[in-house]
Amino acid sequence: MAILSRQRRRSRALMIIILLLPSLLVFFLYRGVPIVWNLVLSFEKWNFVDTPKFVGLGNYAKMFSDPIFWESFKNTVLYFFGGSPIAIILALGLSLLVNKPLKGRNVYRALIFLPYPITPVAIAIIWKWLYDDKVGLINFILRSLGLTKQGIGFLSNFSWALPSVIFTTIWQVLGYFVIIMLSGLQTIPDELYESAGLDGASAARRLWSITLPLIRPTVFLCFIVGIINSFTTFDVIYVMTNGGPGHATEILVTYIYKNAFTYNEIGAAAAMTLFMFLFLLLITAVSNKISGGEAGGVNYYE
Amino acid sequence: MKRKMQWVVFVAVALSLSAATVWAGGQGEAASGQGPKSITVLTWNLPHYADSINGWISEFQGANKGVTVTWVDKKGTELPTYYQTQLAAGTPPDIVDIQGALWYQYAKDGIFMDLSPYFQKDADMKTRFEPNILKAASMYQGKYYMVPFYTPSTVLFYNKPMFKAAGITSPPTTMEELVADAKKLTHGNVSGFITLNFDWLYWPLFRANGVEILNSDGTKAAFNTPAAVQTLKTLTQLTSSGVISKVSWTGRWVEPNGEFGAGNAAMLNAHLPALKAFESQSTWANDQTVGVAPFPGKWSVPNYHGFGIASKSKFPDVAWNFVKLITNEKWAKNAASVLGTLSGNSAADTSLISDPQFAKDNPVVAESFKVDLSEAGNLTGITGTAKDAQVKDAVYSNIQKALFGQVSAEKALSDAEAAVNQILAGQ
């Protein structure tokens with residue numbers, strides 16, 4: 001009997017391995033190999049043709065002494081903290097609104113979600129036009145209202161450029177966050193609200209004591225998506241500003257691209273990519289820790 | 001057991017067949033000198049030139065039996081990335097059309113073949129090009145790496161009706177005149193002057209005031225001078241007052257051409273391909289209303305296209321012969337007339353310039369050719385360094401800070417100088 005069960009367990013394990021193997025193979029080829037190859041390249045100088053030369057920590061030393069690298073790192077952090085928390089708060093507010101039995105709420109939901117499926121390049125082009133200081137709609141409105149005489153160069157002004165790009169990203173990602181938040185809100189059992197209502201809890205109290213704690217995993221997910229977005233958003237910035245003016249909107253990923261494909265500094269680009277990867281891991285781990293571990297997971301009846 | 005045996009035999013046969021195929025492929029490659037020859041040519045954003053390119057290919061294949069030419073075209077923004085991935089994969093195209101100064105790095109790294117022996121062998125190839133153009137388009141550290149394909153450089157386009165309305169009778173010939181005219185032409189939403197800024201195209205503004213980018217041996221920055229500080233201060237002041245359109249320092253290609261085409265700027269410093277770009281989106285621009293003149297001091301920045309041959313090409317002689325064919329007088333004339341820029345081939349360009357029909361059909365283009373040729377001895381914006389892209393970025397990003405009032409002109413140039421010297425020291 002025991003032998004049979006061992007045999008069964010073994011064949012089951014074999015079946016699991018066989019079923020997982022194609023996915024694991026693809027993952028290994030498309031994720032594992034590039035990560036390892038990137039790690040190797042970060043210690044080398046390579047011109048795409050000759051055998052790469054080992055340069056030890058040379059690329060890292062260069063990276064840490066490069067002021068533009070630090071500027072783009074600072075911009076990336078600002079891009080995240082300036083964008084994601086606002087987007088999450090707005091998304092929470094909107095999702096609470098459209099979660100109510102309002103008339104035509106599906107229309108509102110669709111309208112809020114609408115920007116998300118638009119390709120980032122199209123979004124960048126639309127917003128570039130909206131921000132234009134001569135023919136842009138925003139400046140037209142500001143001028144018409146008498147709020148400004150001269151158009152504001154939202155994307156050419158060193159102070160305005162990054163906030164303008166962040167605003168565009170919030171607009172783009174808001175609908176997606178609302179959908180995630182809505183799905184989180186809909187998993188909260190109604191009886192919790194009903195019993196809180198019977199106990200005389202106010203709406204604010206219900207929000208504070210039931211909704212917010214129970215959608216912690218959803219907020220955590222939005223937070224992580226926001227972090228990943230801010231470290232990997234390329235198209236919007238590349239099209240809207242290409243990192244300019246100066247390096248005012250340069251973020252790590254655009255600077256990595258320039259190093260790799262404009263300056264032909266593949267080793268430096270690989271070192272920066274590894275830095276970004278490790279930083280992302282670190283802040284994801286810290287976020288997980290802060291949200292109580294288990295990706296912010298909660299037990300409704302604890 | 002029997003089933004297992006069948007599997008083993010099947011795998012062994014499959015492996016043997018694969019090995020045989022790979023071996024045969026290797027043998028084929030080894031014997032390629034005698035077999036069919038195939039080369040690939042990669043061009044930069046030329047889908048509109050497809051008829052001519054197919055003409056090159058059919059003429060070459062007709063004259064060289066057993067040779068196959070494959071054409072690949074990529075957009076300007078995609079080509080460098082595409083080319084680098086092909087290099088990394090070990091399958092670079094035999095011939096590649098490169099714009100601007102990107103090729104210095106390829107020459108330095110040995111990605112492009114040193115074509116000096118070929119130029120030596122085919123004396124005609126050296127003499128067919130205008131000497132200044134050939135030098136600027138082809139030479140890196142005393143060796144030839146490129147063959148000029150089409151060779152536009154910057155000129156000054158101007159809006160004739162605006163000049164007339166402002167009472168200006170001729171285009172400016174000095175920087176003082178340019179500034180005075182630009183101020184006179186500025187009104188409402190209209191700026192007096194606008195420039196393209198990528199690939200050093202704005203540099204005539206500095207060079208006309210005696211500012212060089214690097215020292216003569218290309219080892220140090222040479223632009224941090226009192227004249228440069230004064231130039232930058234003037235440009236900043238003119239930009240903040242709207243005499244120079246801000247788009248000069250924020251746009252790249254579409255935006256400045258759009259501004260000039262829309263009639264929001266009176267003068268445009270740009271290279272010849274800009275003519276078609278702004279004409280296509282303009283209601284005012286035509287052969288009677290667009291003027292073209294040399295930039296003050298006749299300073300001009302080349303933005304040439306040329307062909308490099310991969311050092312790893314299996315058929316370098318075939319590639320060279322193909323490049324020879326497509327840059328001969330016939331095809332150069334075709335390139336100049338279809339693409340609307342000089343070809344660099346002296347016979348082709350002079351023949352077009354002196355062709356009354358061409359001048360009648362394309363008066364602005366014909367005039368641009370004359371202006372471009374007259375400036376060929378005064379080229380600027382050439383660093384000659386493999387780190388051109390980084391130098392360019394270091395200079396421009398700092399200058400931009402001064403132009404938008406973030407830092408003083410002195411600080412911008414001093415920071416740019418430090419950055420450039422660091423880049424050049426690390427070569």
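Angles between elements run from 0 to 180 degrees between N-to-C directions, along axes fitted to C-alpha atoms. The model shown in these views is predicted.

**View 1. Helix α2 of chain B lies across strands β1 and β2 of chain B.** The helix covers residues 50–63. Its direction makes about 165 degrees with that of β2(B). A further helix, α15 of chain B, spans residues 316–326 and also packs on the sheet. Helix α15(B) touches β1, β2, β3, β6 and β11 of chain B. Between α15(B) and β11(B), residues 305–309, the angle is about 160 degrees.

**View 2. Five strands of chain B form an open sheet.** Their order is β2-β1-β3-β11-β6, and the pairing is mixed. Strand β2(B), residues 67–74, stands at an edge, as does β6(B), residues 147–150. Each of these two strands pairs on one side only. On average, neighbouring strands here are turned by 25 degrees against each other, with direction ignored.

**View 3. Strands β1 and β3 of chain B run parallel.** Strand β1(B) holds residues 37–44, and β3(B) holds residues 95–99. Two bridges join them. Across this pairing, Val96(B) in β3(B) stands opposite Leu42(B). In general, the strands of a sheet pair through backbone hydrogen bonds, in either the parallel or the antiparallel sense.

**View 4. Ile95(B) sits in the largest nonpolar core.** This core has 127 residues. Ile95(B), Trp103(B) and Phe157(B) touch the most other members. A second core, separate from it, has 31 residues. Phe69(A), Val236(A), Ile237(A) and Met272(A) are among the residues of that second core. Back in the largest core, the contacts of Ile95(B) can be followed one by one, leaving aside neighbours within four places in sequence. They include Ile39(B), Val41(B) and Leu42(B). They also include Phe307(B) and Ile309(B). Ala319(B), Phe322(B) and Val323(B) complete the set. In soluble globular proteins, nonpolar side chains tend to be buried together.

**View 5. Four strands of chain B form another open sheet.** The order is β8-β9-β7-β10, again with mixed pairing. Strands β8(B) and β10(B), the latter at residues 290–293, each have a single partner strand, so one side of each is left without a neighbour in the sheet. The average turn between neighbouring strands is 20 degrees, direction ignored.

**View 6. Strands β8 and β9 of chain B pair in the parallel sense.** Four bridges link them. Strand β8(B) spans residues 191–195, and five of its five residues are buried. Strand β9(B) covers residues 265–271. Phe193(B) has Met267(B) as its bridge partner in β9(B). Helix α9 of chain B, residues 175–185, lies across both β8(B) and β9(B). Its angle to β8(B) is about 125 degrees.

**View 7. Strands β7 and β10 of chain B pair in the antiparallel sense.** Strand β7(B) holds residues 154–159. The pairing has four bridges. Phe157(B) stands opposite Val292(B) in β10(B). Phe157(B) also appears among the residues that touch the most other members of the largest nonpolar core.

**View 8. Helix α7 of chain B sets buried residues against four strands.** The helix spans residues 131–138. Its buried residues are Ile133(B), Leu134(B), Ala136(B), Ala137(B) and Ser138(B). They pack against β4 (139–140) and β5 (143–144) of chain B, and against β6(B) and β11(B).

**View 9. Chain A meets chain B.** Chain A brings 18 residues to the contact, and chain B brings 20. On the chain A side, seven of these residues are nonpolar, nine are polar and two are charged.

**View 10. Chain A and chain B are set side by side for orientation.** Chain A has 13 helices and two strands. Its radius of gyration is 24 Å, well over the 19 Å that the globule rule gives for 302 residues, so chain A is more spread out than a compact globule. Its C-alpha trace spans about 80 × 70 × 30 Å along the principal axes. Buried residues make up 30% of chain A. Chain B has 21 helices and eleven strands. Its C-alpha atoms fill a box of roughly 95 × 50 × 45 Å along the principal axes. Of its 427 residues, 47% count as buried. Among chain B contacts between residues at least 6 apart in sequence, 73% join residues at least 24 apart.

Note on methods:
Residues numbered from 1 in each chain as written. Chains lettered and ligands numbered in written order. Core = buried A, V, L, I, M, F, W, Y, C linked by C-beta atoms within 7 Å. Buried ≥ 20, exposed ≤ 12 C-beta atoms within 10 Å, placed from the backbone. Contact = placed C-beta atoms within 7 Å. Pairing = 2+ DSSP bridges. Nonpolar A, V, L, I, M, F, W, Y, C, P; charged D, E, K, R; others polar. Rg over C-alpha atoms; globule rule 2.2 N^0.38 Å.
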